[in-house]
Amino acid sequence: MASAICGGGLASVFAPRRRGSSRRFALKPGETSFQRQLLAPNVRASSSSSSSSSSAFVETKQPPSPPSPPEATVDKEKLGSNQNVLACPICYEPLTFTGDLVLSVDSASGSTLECGTCKKTYVGNETHFDLTAASGTKEYGEPMALSTELFRTPLVSYLYERGWRQSFSVWGGFPGPEKEFELTKGFLKPVLGGNIVDASCGSGLFSRLFAKSGLFSLVIALDYSENMLKQCYEFIQGEENFPEEKLALVRADISRLPFASGSIDAVHAGAALHCWPSPSTAVAEISRVLRPGGVFVATTYLLDGPFALFPLLRPLCQNISQISGSHIFLSEGELEDLCRTCGLIGFKFLRNERFVMISASRPR
């Protein structure tokens, strides 16, 4: 999800355009700079028209895999492990299911999961599994960051796929869910057939695409917002022949993921990285739950270019982060450093205006 504080405010004022200074080439009719960049991933590409038009810039560090992989066959060995991935968010020990439970959209309602170590019980509701550390509390309340609480409201949850998300293409250069999904598949090619967590999934826009693609044995749509997960459930119920057995909805804190260490093949975070109060804590958690060779793919935006030289920009961004609980990234190096310090390697990225897609993996 994208933060309203960062997404619609400061970022729309600072609109740097970054142009490549190296090799130039013309695009074929109907071909986007994204498509050409993926065909020639070692080239920096820029396209310009009249002076009144904006120019798209795409950059890549270490060539990603092609974005349109062949149809994947599900790895049967990975299927058996899908039901063992859930763990207690307090002690990270495996959770025990009551009854013959299969992890899916339909299995959440009335289900009970128990931790054999700390003896805590987690109960599923009509739409999702609630696996937050505070799950089950009656009087204790813990306020979260402003950006987190914003997306828990029913209004924002309702509007997210009904106009909010579409605005990212206008101010941030996001190419749109379908194209972003195609680009994501290129980075995820090494782990197709395994399981994937769509972290901070919002109303499940990409979670549903992952499930319907048939490229993964299990998709876990994870978000802290109960209302976002309810919206995702409603969208699923409104689709015909949706593969509900391929998808599970889980409420959890990105800084305390309810998965066993080394149990997840891939984690995707679409337009979410800048919304996390502590990106380093979240990415460290993601690194913990990934299997050796597991892949992390995320999209966010950068506020760089000439404005990054403004001496007060970094302190201003830090103040905004402290107030809103969201983060403003000022450079590609900042993202690479974040992944590296959290134990991930093989950093890659694609760029279009302020939009950036990054990928890194856990060492084997």
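User: In this predicted model, which residues is Glu 285 in contact with, leaving aside its neighbours within four places in sequence?

Analyst: Glu 285 is in contact with Tyr 92, Ile 254, Ser 255, Arg 256 and Leu 257. Each pair has heavy atoms within 4.5 Å. Glu 285 itself lies in helix α10, residues 279-289.

User: Why is Glu 285 called buried?

Analyst: Its relative accessible area is 8%. Buried means under 20%. Glu 285 is therefore buried.

User: What makes Arg 288 and Glu 285 a salt bridge?

Analyst: Their side chains come to 2.8 Å, N to O. The cut-off is 4 Å, so the pair counts as a salt bridge. Arg 288 is buried, and so is Glu 285.

User: How are Arg 288 and Glu 285 placed along helix α10?

Analyst: They are three residues apart in helix α10, so about one helical turn separates them.

User: Which residues are joined into one network by salt bridges that share partners?

Analyst: The network holds Asp 130, Glu 149, Arg 152, Glu 226 and Arg 251. Within it, the side chains of Arg 152 and Glu 149 meet at 3.2 Å, N to O. The protein has twelve salt bridges by this rule.

User: Why is Glu 149 called partly exposed?

Analyst: Glu 149 has 27% relative accessibility. Buried ends at 20% and exposed begins over 50%. The value falls in between, so Glu 149 is partly exposed.

User: How do you know that Arg 208 forms a salt bridge with Glu 239?

Analyst: The closest N and O atoms are 3.4 Å apart. That is within 4 Å, so the rule is met. The pair links distant parts of the chain, 31 residues apart. Arg 208 sits in helix α8 (residues 205-213). Glu 239 sits in the loop between α9 (226-237) and β9 (247-251).

User: Are Arg 208 and Glu 239 buried or partly exposed?

Analyst: Arg 208 has a relative accessible area of 7%, so Arg 208 is buried. Glu 239 has 26%, so Glu 239 is partly exposed. The line between the two terms is 20%.

User: Why is there no disulfide between Cys 201 and Cys 232?

Analyst: A disulfide is a covalent bond between the sulfur atoms of two cysteines. The sulfur of Cys 201 is 5.6 Å from that of Cys 232, the closest cysteine sulfur, and this is too far for a bond. The cut-off is 2.5 Å. Cys 232 is in no disulfide. The count for the model is zero disulfides.

User: What makes Cys 201 and Cys 232 buried?

Analyst: Cys 201 has a relative accessible area of 7%. Cys 232 has 0%. Both values are under 20%, so both residues are buried.

User: Why is Leu 222 called buried?

Analyst: Leu 222 has 1% relative accessibility. With the limit at 20%, Leu 222 counts as buried. Its place is in strand β8, residues 218-223. Beyond its neighbours within four places in sequence, Leu 222 is in contact with residues including Val 197, Cys 201, Val 250, Leu 257 and Phe 259.

User: How far apart are Leu 222 and Asp 130?

Analyst: In sequence they are 92 residues apart. In space they are 9.9 Å apart, C-alpha to C-alpha.

User: What makes Leu 155 exposed?

Analyst: Leu 155 has 57% relative accessibility. Exposed means over 50%, so Leu 155 counts as exposed. Its place is in helix α5, residues 154-164. Leu 155, Tyr 158 and Leu 159 form a nonpolar patch on the surface, with about 290 Å² of accessible area together.

User: Which residues touch the most other members of the largest nonpolar core?

Analyst: They are Leu 86, Phe 259, Val 267, Leu 273, Trp 276, Phe 296 and Ile 358, out of 48 residues. Helix α10 gives the most to this core, with four residues. Leu 273 is in contact with Phe 296 and Ile 358, among others. Another core lies apart, with 43 residues, including Leu 183 and Phe 355.

User: How many helices and strands does the protein have?

Analyst: It has twelve helices and 13 strands. Of its 364 residues, 55% are buried. The accessible surface comes to about 15400 Å², with 53% belonging to carbon and sulfur atoms.

Definitions and conventions: Residues numbered from 1 in each chain as written. Predicted model: local features only at pLDDT ≥ 70, side-chain atom pairs only at ≥ 80, totals over all residues. Heavy atoms only, no water. Helix = DSSP H or I, 4+ residues; strand = E, 2+ residues; numbered from the N terminus. Buried < 20%, exposed > 50% of the residue type's maximum accessible area, 1.4 Å probe, protein only. Patch = residues over 30% accessible without salt bridge, like charges linked within 9 Å, V, L, I, M, F, W, Y side chains within 5 Å. Areas by Shrake-Rupley, 256 points an atom, 1.4 Å probe, with all protein chains shown as cover. Core = buried A, V, L, I, M, F, W, Y, C linked by side-chain atoms within 4.5 Å.
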